[in-house]
Amino acid sequence: MLDADFFRRWMTATAASVEREADRLTALDSPIGDADHGSNLRRGFAAVTATLEKEAPDTPGGVLTLAGRQLISTVGGASGPLYGTLLRRTGKALGDASEVSEADFAAAFRTGIEAVTTLGGAAPGDKTMVDALLPAVDALGDGFAAARTAAEEGAVATTPLQARKGRASYLGERSIGHQDPGATSSALLVAALAEANGD
Ligand code: ADP
Ligand code: MG
């Protein structure tokens with residue numbers, strides 16, 4: 001079973017990984033964006049860990065809804081509302097249980113990803129974070145490590161795609177040949193899940 005501490009570890013591990021990889025995320029956002037993805041997420045997840053420490057929610061749903069709200073209010077770019085919605089809606093779907101199963105989490109995470117597609121309108125293959133998140137949730141039934149591999153492969157597979165959503169879509173065919181920054185950060189988010197689980 002997964003408790004509030006597990007979800008706190010997930011957010012802390014994500015913040016550390018985003019901090020380490022911020023320059024790479026920003027470099028990916030240079031040719032097909034405005035070079036702010038690393039700084040956006042670094043600021044957002046630093047605020048998430050600070051607020052989790054201060055408010056110390058004691059349920060899985062409480063941790064994720066607070067994290068999501070914090071991202072929405074801290075990150076200005078497209079990715080803030082999208083990641084914020086992902087975590088907030090996942091948290092809402094977990095309700096107020098003090099512990100949840102991996103299957104409960106997988107179902108809630110899918111609800112969160114569906115909220116991202118509703119908000120942003122991205123379909124699979126549009127070269128966005130959805131291209132890492134959907135394969136990850138599809139693989140979650142096989143465990144967190146399988147989800148991590150699926151997210152990483154999904155992120156790499158965005159390279160030959162033409163962007164159809166977000167800033168990168170303004171480039172049309174010139175977006176081809178670059179890995180999507182948001183899919184790359186989503187792979188970090190999913191890898192942090194495996195890390196929180198000790199995988
Ligand atoms: P901005 O584009 O406002 O500068 P960021 O650079 O922080 O925001 O985030 C860019 C990432 O957000 C993209 O690489 C993409 O993965 C994701 N993204 C942008 N628009 C959408 C959308 N409509 N649906 C899903 N993901 C999106
Ligand atoms: Mg950007």
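## Ligand 1 and the magnesium ion

In this predicted model, a polar side-chain atom of Arg-167 lies 3.2 Å from an oxygen atom of ligand 1. Taken alone, ligand 1 exposes 570 Å², and the protein buries 92% of that area. Ligand 1 sits in the largest pocket, and the elements that give two or more residues to the shell around this ligand are helix H2 (37-55), helix H4 (79-94) and helix H8 (181-196). Of these contributions, the one from H8, with three residues, makes up the largest share of the shell.

There are 20 residues around ligand 1, and those that come nearest are His-37, Asn-40, Ala-78, Ser-79 and Asp-180. The table sets out polar contacts between the protein and oxygen atoms of ligand 1.

| Residue | Protein atom | Distance to an oxygen atom of ligand 1 |
|---|---|---|
| Ser-79 | N or O atom in the side chain | 2.6 Å |
| Ala-78 | polar backbone atom | 2.8 Å |
| Arg-167 | polar side-chain atom | 3.2 Å |

The model also holds a magnesium ion, ligand 2, whose protein donors are Asp-29 (OD), Asp-34 (OD) and Asp-36 (OD), lying 2.0 to 2.3 Å from the ion. Along the sequence, these donor residues follow the spacing D-x4-D-x1-D. For two of the donors the accessibility can be stated as well: Asp-29 counts as buried because its relative accessibility is 8%, which is under the 20% limit for a buried residue, whereas Asp-34, with a relative accessible area of 31%, is partly exposed.

Key
Residues numbered from 1 in each chain as written. Chains lettered and ligands numbered in written order. Predicted model: local features only at pLDDT ≥ 70, side-chain atom pairs only at ≥ 80, totals over all residues. Heavy atoms only, no water. Donors = N, O, S within 2.8 Å, 3.2 Å for Na, K, Ca; no water. Buried < 20%, exposed > 50% of the residue type's maximum accessible area, 1.4 Å probe, protein only. Near = heavy atom within 4 Å. Polar contact = N/O pair within 3.5 Å; in protein donor to acceptor, adjacent residues only side chain to side chain. Areas by Shrake-Rupley, 256 points an atom, 1.4 Å probe, with all protein chains shown as cover. 1 Å grid on protein atoms, 1.4 Å probe; cavity = no way out; pocket = protein on both sides within 12 Å on 5 of 7 lines; lining within 4 Å. Sits in = over half its atoms within 2 Å of the grid points. Helix = DSSP H or I, 4+ residues; strand = E, 2+ residues; numbered from the N terminus.
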